[in-house]
Amino acid sequence: MKTPFNKQVLILAVCFMVFAALCTGCATNGSDEEMWKRVEAAEQPLEKTAWVADWQWRDGSEDLQGMTNGLTRVQMFAAYFDEADNLLFTDMFKKGLPKVKEIAQKSSLVHVDLTIVNDLKRPDGTDVQKDPSIVTRLMATPQSRAKHIAQIMEAVDTYQFDGVEIDYERVEEKDWSNMQLFIQELYEKLQKKEKTLRIVLEPRTPLEKLALPKGPVYVMMAYNLYGTTSGPGPKADRQFIKELATAMQAVPGEKVIAIAAGGFDWAESGEVTAVTEKEALELAKSSAEPPERDEASGSLHFSYVDEHNRKHTVWYADGTTLANWAKVIEDEGYRKLALWRLGGLSPESVRFMDR
């Protein structure tokens, strides 16, 4: 039986609209696909490292399992300080380190380093994050620096780390001269044992005023453009990364640009919560609209209303965001990338890191 002419026209019109909608979707995702093609086709992919935090070692280890082909080192974010300025290692670290080492040892390329951060942990369970007074006391004299270095070297021997990373943040300007002496002294001690040293630098570090020692690897934190002390926005955007890459030209030796996975959830009440990529994807199910990609940063964002009728805004990075940021880093002439942090990554992000 023949279809009437007017029905044929109607069917053709519907088909055309469906095709147009599909093409629009393809156009939206086209830039993402092009980005992934460039990532996969790169003859010399960026050298990648990543952090595993002690409090998230299980999820971090799960992500690590899928990227031993793409990483050269993994940093175990693990050492803090007690109230006497001695290194403190958590029970979670002691449980997680054997698993991280087991995974790393399956690949001859992946080395495991110790990251030390100037966080104070008190016996009552409270802590002070990025305490500059700890750095002031540790760096104050040749004797205090020597004592601190001795504890670091003992930890390296005890836990058989391949290297050390110093992540001391909010360093006061008056302490930088002693901090530079400490970096040189620690580097020389580690070199004698054929161990490496990495130094993490904040965006606020006065690089133009410093004469950082040659030898260590220096890592710039190209993230937290928006975070717990700001309104909603991406952890980084292209311009932010470019500015920090330019500033790092003043730093000697090997240089690494660090980017961050996951994001933040800003509630209208003022509460801000860090979220992993997987947590953001779960929260997006409560949004009336799908996540939208921001042009300037490549990050995704959406809003939702919680069970208490409070509005939330979420910004986060996915694998395509990370690939976009990596392209900026590469375009700026850098060959090394670090990711904060493993745990709660999507398969897409694991795929990017394993390239």
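Me: What share of the contacts with a separation of 6 or more is between residues 24 or more positions apart?
Reply: In this predicted model, such pairs account for 71% of the chain's contacts with a separation of 6 or more.

Me: How many helices and strands are there?
Reply: The chain has 10 helices and 15 strands. Of its 355 residues, 50% count as buried.

Me: And the largest nonpolar core, how many residues?
Reply: It has 79 residues. Those with the most contacts inside it are Met76, Ile116, Ile166, Tyr168, Phe182, Leu186 and Leu201. Helix 6 gives the most to this core, 7 residues.

Me: Is there a second core, and which residues does it include?
Reply: A separate core of 15 residues includes Val219, Ala258, Ala338 and Trp340.

Me: Back to Met76. What does it touch?
Reply: Leaving out residues up to four places away in sequence, the contacts of Met76 include Val52, Trp57, Phe93, Leu97, Val100, Val112, Leu114 and Phe161. Asp54 and Asp113 are also among them.

Me: Helix 6 again. At what angle does it cross helix 5?
Reply: The axes of helix 5 (residues 142–159) and helix 6 (residues 176–192) cross at roughly 35 degrees and come within 10 Å. The crossing is right-handed.

Me: Which residues make that contact?
Reply: Helix 5 contributes Arg145, His148, Ile149, Ile152, Met153 and Val156. From helix 6 come Asn178, Leu181, Phe182, Glu185, Leu186, Lys189 and Leu190. By class that is 8 nonpolar, 2 polar and 3 charged residues.

Me: How do helix 2 and helix 3 pack?
Reply: Helix 2 (residues 57–65) and helix 3 (residues 91–105) have axes 10 Å apart, at an angle of about 5 degrees. The two are therefore roughly parallel. Trp57, Ser61, Leu64 and Gln65 of helix 2 meet Met92, Lys95, Gly96, Lys99, Val100 and Ile103 of helix 3. This contact has 5 nonpolar, 3 polar and 2 charged residues.

Me: Backbone now. Where is the cis peptide bond between Trp340 and Arg341, in terms of loops?
Reply: Arg341 is in the loop between strand 15 (336–340) and helix 10 (347–354). Omega of the bond joining Trp340 and Arg341 is about -5 degrees.

Me: What is the phi of Lys130?
Reply: Positive, about 50 degrees, although Lys130 is not a glycine. Lys130 is in the loop between strand 5 (127–128) and helix 4 (132–139).

Me: Is Lys130 buried or exposed?
Reply: Lys130 counts as buried because its relative accessibility is 17%, and the cut-off for buried is under 20%.

Me: And Asn309, buried or exposed?
Reply: Asn309 counts as exposed, at 62% relative accessibility. Its phi is also positive, near 65 degrees, and Asn309 lies in the loop between strand 13 (300–305) and strand 14 (311–317).

How values were computed. Residues numbered from 1 in each chain as written. Predicted model: local features only at pLDDT ≥ 70, side-chain atom pairs only at ≥ 80, totals over all residues. Heavy atoms only, no water. Axes fitted to C-alpha atoms, helices over the stretch in contact; angles between N-to-C directions. Helix = DSSP H or I, 4+ residues; strand = E, 2+ residues; numbered from the N terminus. Left-handed = near helix turned anticlockwise from the far one by under 90°. Contact = heavy atoms within 4.5 Å. Nonpolar A, V, L, I, M, F, W, Y, C, P; charged D, E, K, R; others polar. Core = buried A, V, L, I, M, F, W, Y, C linked by side-chain atoms within 4.5 Å. Buried < 20%, exposed > 50% of the residue type's maximum accessible area, 1.4 Å probe, protein only. Parallel < 35°, antiparallel > 145°, perpendicular 65-115°, else oblique.
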